[in-house]
Amino acid sequence: MRARRGPGADVGARVELLDAARVAGGDALVDVAARSDPELVAEVEAFVRRARERIALSLDRTVVAFAGSTGSGKSSLVNAVAGRQVAVPGVRRPTTAEPVAAVWPGPEQGPETDETSLALLRWLDVKTWHDVPPAPPGAAAVPDGLLVLDLPDHDSVVVEHRLRADRLLARADVMVWVTDPQKYADDALHAGYLRELAGHEGTVVVVLNQADRLQPAERDRCLADLRRLVDADGLRDAVVLATSAQDGTGVADLRALLARAAAQRTAANERLAQDCRGLARRVVAVCGDDVVASAPDARLRTALAKAAGADVVVGAVRSSTRRTVRARTGWPVTRWVAQLRPDPLRRLGLGNEKSRAERPDLARTSLPQQSQASRAAVSLAVRDYVTDASAGAPEGWTRRPDVDALTDALDQAVAGVRFGAERVPWWARAVSVAQYVLLGVAVVGLAWLALLAGLDYLRVPFGDPPTWEQGRLTVPVPTAMLVLGVLAGLLLAVVGGLAARVTAARRARRARARIEAAVADVVAGHVTAPVARRLAALAECREAARRAAR
């Protein structure tokens, strides 16, 4: 084992970056990870919680876990390293049921376990420990702050023992894997544990124990074969030693190795940093490649505007405006006929703007139901937009909105638009006044003529009515009033109708622009903004994870 300084020095910041990546990813990270790495988010949460607890307990303490299979001599090796009986070797399977700790308080601490080590033991849930007294003068001292754990056997027939060992392995700073000449190639060790620790070689030691049972040549061959297997597990920098608790082979080297780890006080940092980097790399892998650019939503807006009935509504605004204006500018005698036709906007549920403005939450249109073709076009446009906008993002990171919810939002958006078709233009009011003036002139002329006819019928003598002369044309004034009043009213009605078409076309263009703006708001609120938020979360998650993985 080679203790390294530097990568773990910023372990606290690294852990916070990993947690920031998890928070930024949120539900989207959970959804995507469920496809390829289902346990990732739970592992990140558990690690962050564990790392914060470990950092709070002081990284100056070094926790070394001795793990191994039943009968590998693990407990005897712990006793040999401690120089006293800490663990009691068993004679029946499982040989180790409860974890036992050896604690080196150090000369400056005195013979009693210090409070920090006690807190660490409580965190580890180790109930049995032994204080290792300071080394005698002249002997190599083990630095204070070292805790050596004898774990339950990882191949124990009791499930609780294996789970307890796995939990402590996750919390240890240095892992010493103890095997023996009979089981060093066991696939349960290599596939179940060592391969999972690839990238942690700086905090892993693999020991070939019971070396006293082998001849020197056999020991060298077994050690070389173990070295090959460990390298194949991805732990090329891990230390591989041959030891014997019986004759002391390699014990001093192992004790010195642990002493250096305790003296340098980097093992806890290193283990946390390695775990953090491994999880962060998995988060980066789940996040996929960078999303380069967003797709334009013009096609999407066009499809949704059509689905929202923009053409139908614009046509209704045009017809309603012409109806409203003609009701004011038409010839007063016949304009009532136009009122018999229903208002196109009211038929669509869009006519009463005052009511819609008072209760916009209840506003609904009476537009025809979307056809299957229209719904399919909306669904296709949404799918294409989401696909293009999230190109490069992992599958499932962005979600397509529900078409039914989108349709309802479009209907409310159109219902909330104020088209102004009910408003009468100022010039139409002026024309209406002029129409009534002309009608009044015609009525006066008609009444005058009727009076003259009645007097003539009654043989009542009366003089000739005044005349209006224009060149050779001489017309009685009442006749001129009747004819000019009617003709001028009809002509003004025709002009008003032409002006109504112009006004209707202008309001139709304005209505289309307002509908498109309302549709754009729906597109932004229900499609583009959610996609953008999730992609921003993806970018934030990926960047934080990348920084944590450095």
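Q: What phi does Gly83 take, just after H3?
A: In this predicted model, Gly83 takes a positive phi of about 75 degrees. You'll find that glycine just after helix H3.

Q: And H3 itself: is that helix mostly covered or not?
A: To judge a helix, go through its residues and ask how much of each can be reached; under 20% relative accessible area counts as buried. In H3, which spans residues 74-82, eight of the nine residues are buried. They are Lys74, Ser75, Leu77, Val78, Asn79, Ala80, Val81 and Ala82.

Q: What covers those buried residues of H3?
A: Quite a list! The cover includes strands E1 (62-68), E2 (100-104), E4 (146-150), E5 and E6, along with helix H8 (251-264).

Q: E5 came up there. Which aromatic residue of the aromatic pair lies in E5?
A: For ring pairs, look at the distance between centres and the angle between planes; angles from 30 to 60 degrees count as tilted. The structure holds one aromatic pair. Its rings belong to Trp177 and Tyr193, with centres 5.0 Å apart and planes at 45 degrees, so the pair is tilted. Trp177 is the one in strand E5 (residues 174-179), while Tyr193 sits in the loop between helix H6 (187-192) and strand E6 (204-208), so the pair ties together parts 16 residues apart in sequence. Both Trp177 and Tyr193 are buried.

Q: Now charges. How many salt bridges does the count come to?
A: Look for a Lys or Arg side-chain nitrogen within 4 Å of a carboxyl oxygen of Asp or Glu. The count here comes to 21 salt bridges. Take Glu43 and Arg282, whose side chains meet at 2.7 Å, N to O. Glu43 lies in helix H2 (residues 40-56) and Arg282 in helix H9 (residues 267-287), so this bridge ties together parts 239 residues apart in sequence. Glu43 is partly exposed at 33% relative accessible area, and Arg282 is partly exposed at 26%.

Q: What separates Arg228 and Asp225 in helix H7?
A: About one helical turn, because they are three residues apart in H7 (residues 216-232). Arg228 forms a salt bridge with Asp225, and the closest N and O atoms are 2.6 Å apart.

Q: Last one: which residues form a nonpolar patch on the surface?
A: Here you look for nonpolar side chains that are accessible and sit within 5 Å of each other. Trp336, Val337 and Leu340 form such a patch, with about 340 Å² of accessible area together. Val337 lies in helix H12 (residues 336-339) and counts as partly exposed, at 39% relative accessibility.

Key
Residues numbered from 1 in each chain as written. Predicted model: local features only at pLDDT ≥ 70, side-chain atom pairs only at ≥ 80, totals over all residues. Heavy atoms only, no water. Patch = residues over 30% accessible without salt bridge, like charges linked within 9 Å, V, L, I, M, F, W, Y side chains within 5 Å. Areas by Shrake-Rupley, 256 points an atom, 1.4 Å probe, with all protein chains shown as cover. Helix = DSSP H or I, 4+ residues; strand = E, 2+ residues; numbered from the N terminus. Buried < 20%, exposed > 50% of the residue type's maximum accessible area, 1.4 Å probe, protein only. Phe/Tyr/Trp six-rings, centres within 6.5 Å; stacked < 30°, edge-to-face > 60°. Contact = heavy atoms within 4.5 Å.
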